[in-house]
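Trainee: I am new to this structure and should be grateful for a close look at one part of it. Please begin with the helices that pack against one another, and then place them in their surroundings.

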Amino acid sequence: MKKLLLDVDCGVDDAQAIMLALAAPKVEILGITCVHGNTTVENVCKNVLRVLQTCKKPKIPVYKGAAKSILGIKVGDENFHGKDGLGDAPDANAPGLEKIQEENAVSAIIRIVNKNPGEVSLVATGPLTNLALAVRMDPTLPGKLKGLYIMGGNTESRGNTTVCGEFNFAADPEAAYVVLNDYQCETHLACWEFTCYNKLPWEFCDDWLGQDSNKARFMAKIFRRSMEESKKNSGCPDSTGFISCDSLATAAAVDDSFVTESDRYPVSVELAGTHTRGMMIVDTLGLLNKTHKACIMKKVDMKKFETMMMAALK
Ligand code: BDR
Ligand code: CA
């Protein structure tokens with residue numbers, strides 16, 4: 001059984017990623033920690049509870065984490081994810097915040113990983129604020145992880161938020177810097193360009209959302225807005241399909257054979273620069289004098305991905 005801990009800024013594509021993990025065989029989700037990002041951390045918590053209710057997994061504990069970046073900046077992506085983060089398609093029966101655990105997300109990450117040393121894979125699909133705070137509180141944490149999977153950063157300086165900034169890294173560059181430099185564990189990166197090259201064709205999305213299930217009806221409702229936005233402009237060179245970026249990172253954590261080709265390089269994050277703050281640095285020349293190398297995903301089995309995505313809404 002794979003043990004996963006998900007750190008999310010639940011958003012529509014985070015919701016898809018959570019559903020993919022919930023549907024995966026031989027995967028146990030030990031908890032879901034919430035962080036600011038696509039919407040407020042309170043909305044993120046509510047959205048995760050709603051996803052869990054839809055998937056009939058209300059017992060998975062949900063923890064509230066950082067409401068702002070390390071420097072105290074709040075972001076948000078209302079245009080894409082809606083004001084509530086889930087496409088502004090509310091559900092009157094959605095659970096409220098009383099279901100959130102009392103323990104905060106950072107303490108929960110430290111406690112759960114320490115209780116299961118060497119067994120937990122941490123999957124981060126939002127800004128990395130919780131993870132950065134966690135390693136400052138417990139520097140032994142990375143050494144006790146089985147793996148770290150991150151959706152974020154970029155390899156060809158292509159931004160989706162600023163000219164050179166991918167959303168999750170640009171939302172908290174200091175946190176991304178801390179995580180890429182202090183988590184000296186097996187780290188897997190699903191960067192923005194990689195996700196652009198691995199889109200789900202729109203015809204697939206029609207079949208995916210057309211399944212006769214409550215989960216598919218839920219996804220069709222919350223996804224409508226971002227699907228329309230993506231068809232107009234995906235932020236990638238072309239808009240021929242949907243970029244379920246958070247699901248790609250999660251699929252890698254769920255199935256070891258999903259990634260078929262990757263690069264290994266030292267990585268870091270640019271913290272200054274007029275246009276480059278938040279941009280990921282790939283040290284192909286080895287000039288940063290870092291021994292730790294991250295695994296940068298290049299190719300994946302898209303047939304497997306489609307199968308996992310279909311199963312997520314069954
Ligand atoms: C990332 O930013 C967010 O909008 C998405 O949820 C994803 O995690 C893509 O850059
Ligand atoms: Ca996300």
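Trainee: Which word describes helix 4 and helix 5 in relation to each other, roughly parallel or oblique?

Mentor: Before turning to the helices, please note that this is a predicted model. The average pLDDT of the protein is 96, and 100% of the residues reach a score of at least 70. For the model, ipTM is 0.99 and pTM is 0.98. A general caution explains why such scores come before the details: where pLDDT is low, predicted coordinates should not be read in detail.

Your question concerns helix 4, which covers residues 105–115, and helix 5, which covers residues 129–137. Their axes lie 9 Å apart, and the packing angle is about 60°. Angles under 35 degrees count as roughly parallel, and those from 65 to 115 as roughly perpendicular. An angle of about 60° falls in neither range, and helix 4 and helix 5 are therefore oblique to each other. As for handedness, the crossing in which helix 4 passes helix 5 is right-handed.

Helix 5 also has a crossing with helix 7, formed by residues 173–182. The axes of these two helices come within 8 Å, and they cross at roughly 55°. Helix 5 and helix 7 are therefore likewise oblique to each other. Here, however, helix 5 passes its partner in a left-handed crossing, whereas the crossing of helix 4 past helix 5 is right-handed.

Another packed pair is made by helix 1 and helix 2, the latter spanning residues 41–54. These helices meet at an angle of about 40°, and 10 Å separates their axes. Helix 1 and helix 2 are therefore oblique to each other as well, and helix 1 passes helix 2 in a right-handed crossing.

Helix 1 leads on to the ligand. Together with helix 6 (167–171) and helix 11 (245–254), helix 1 (12–23) is among the helices that each supply at least two residues of the shell around ligand 1. In total, 14 residues surround ligand 1, and the closest are Gly-11, Asp-13, Phe-167, Cys-245 and Asp-246. Sorted by class, this shell has five charged, five polar and four nonpolar residues.

The strands complete the picture. Eight of them form an open sheet with mixed pairing, in the order 3-2-1-4-5-6-12-9. Its edges are strand 3 (62–64) and strand 9 (259–265), each of which pairs on one side only. From one strand to the next, the twist averages 25°.

Within the sheet, strand 1 (residues 2–8) and strand 4 (residues 120–124) run parallel and are joined by five bridges; Leu-6 has Val-123 of strand 4 as its bridge partner. Strand 6 (residues 187–190) and strand 12 (residues 294–300) are also parallel, with two bridges between them, and His-188 is partnered there by Cys-295 of strand 12. By contrast, strand 9 and strand 12 run antiparallel, with six bridges joining them. In strand 12, Ala-294 is the residue opposite Tyr-265.

Definitions and conventions: Residues are numbered from 1 along each chain as its sequence is written. Chains are lettered from A and ligands numbered from 1 in the order in which they are written. This is a predicted model: local features need pLDDT of at least 70, side-chain atom pairs count only at pLDDT 80 or more; totals for chains, interfaces and linings use all residues. Two strands pair if DSSP finds at least two bridges between them. Helices (H or I, at least four residues) and strands (E, at least two) are DSSP runs, numbered from the N terminus. Axes are lines fitted to C-alpha atoms, for helices over the stretch in contact, and angles run from 0 to 180 degrees between N-to-C directions. pLDDT is the predictor's confidence in each residue, from 0 to 100. A residue is near a molecule or strand if its C-beta atom, placed from the backbone, lies within 6 Å of it. Ala, Val, Leu, Ile, Met, Phe, Trp, Tyr, Cys and Pro count as nonpolar, Asp, Glu, Lys and Arg as charged, and the others, Gly among them, as polar. Angles under 35 degrees count as roughly parallel, over 145 as roughly antiparallel, 65 to 115 as roughly perpendicular and the rest as oblique. A crossing is left-handed if the near helix is turned anticlockwise from the far one by less than a right angle, and right-handed if clockwise.
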